[in-house]
Amino acid sequence: MGKFVISTRKNGEFQFNLKADNGQVILASEGYTAKASAMNGIESVKTNAVHDANYERKKSDAGHSFNLLAANDQVVGTSQVYTSTTARDKGIESVRTNAPTAGLMEV
């Protein structure tokens, strides 16, 4: 089972990462000024991760990536950069599988 890990950045902002069973970060959030906002972001990921239409698939010179969008089209999480569309799509499937039931850990 995956887990959301909340941490505090050096600038005092809160962020979360969704980690797969193997500990790999599969989705990262923006910085939030309040912990409650980061918690709301986690709930948004849990809600929106199951819907394929909420994934914005991207390609750049660096590789392939995706954003997870909320119902209002705001980005709630960003992936790492993958070397292929197949790897990116596996990352999306991992978020879709792990996010809805992921636990929570604070560091």
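Is Glu 13 buried, exposed or partly exposed? Glu 13 is partly exposed, with a relative accessible area of 22%. Buried means under 20% relative accessible area, exposed over 50%, and partly exposed in between, using a 1.4 Å probe and protein chains only.

The model is predicted: local features need pLDDT of at least 70, side-chain atom pairs count only at pLDDT 80 or more, and totals for chains, interfaces and linings use all residues. Residues are numbered from 1 along each chain as its sequence is written, and side-chain values use heavy atoms, leaving out hydrogens and water.

**View 1. Glu 13 and Arg 9 form a salt bridge.** Their closest N and O atoms are 3.3 Å apart. A salt bridge here is a side-chain nitrogen of Lys or Arg within 4 Å of a carboxyl oxygen of Asp or Glu. Arg 9 is partly exposed, at 31% relative accessibility. The structure holds 7 salt bridges.

**View 2. Lys 35 pairs with Glu 106 in a salt bridge.** The closest N and O atoms lie 2.5 Å apart. Lys 35 belongs to helix H1 and Glu 106 to strand E7 (residues 103-106), so the pair ties together parts that are 71 residues apart in sequence. Helices (H or I, at least four residues) and strands (E, at least two) are DSSP runs, numbered from the N terminus. Lys 35 is partly exposed at 31%. Glu 106 is partly exposed too, with a relative accessible area of 47%.

**View 3. Arg 57 and Asp 52 belong to a salt-bridge network.** The closest N and O atoms of this pair are 2.6 Å apart. Arg 57 is partly exposed at 37%, and Asp 52 is partly exposed at 40%. Through shared partners, salt bridges join Asp 52, Arg 57, Arg 88, Asp 89, Glu 93 and Arg 96 into one network.

**View 4. The rings of Phe 16 and Tyr 32 are stacked.** Their centres are 6.2 Å apart and their planes meet at 15°. Rings of Phe, Tyr and Trp (its six-membered ring) pair if their centres lie within 6.5 Å; planes under 30 degrees apart count as stacked, over 60 as edge-to-face and the rest as tilted. Phe 16 sits in strand E2 and Tyr 32 in the loop between E3 and H1, 16 residues apart. Both residues are buried. Phe 4, Phe 16 and Tyr 32 form one aromatic cluster.

**View 5. Tyr 55 and Phe 66 make an edge-to-face pair.** The ring centres are 5.8 Å apart, with planes at 65°. Tyr 55 lies in strand E4 (residues 55-60) and Phe 66 in strand E5, so the pair ties together parts that are 11 residues apart in sequence. Both Tyr 55 and Phe 66 are buried.

**View 6. Helix H2 turns its buried residues to one face.** They are Arg 88, Gly 91, Ile 92, Ser 94, Val 95 and Asn 98. Seen down the helix axis, they fall within an arc of 160°, so they line one face. The arc is taken from the directions from the helix axis to the C-beta atoms. These residues pack against E2, E3, E4 and E5. Among the contacts of Val 95 (heavy atoms within 4.5 Å) are Leu 18, Ile 26 and Phe 66.

**View 7. His 64 is buried in strand E5 (residues 63-69).** Its relative accessible area is 10%. Beyond neighbours within four places in sequence, the contacts of His 64 include Lys 58, Tyr 82 and Arg 88.
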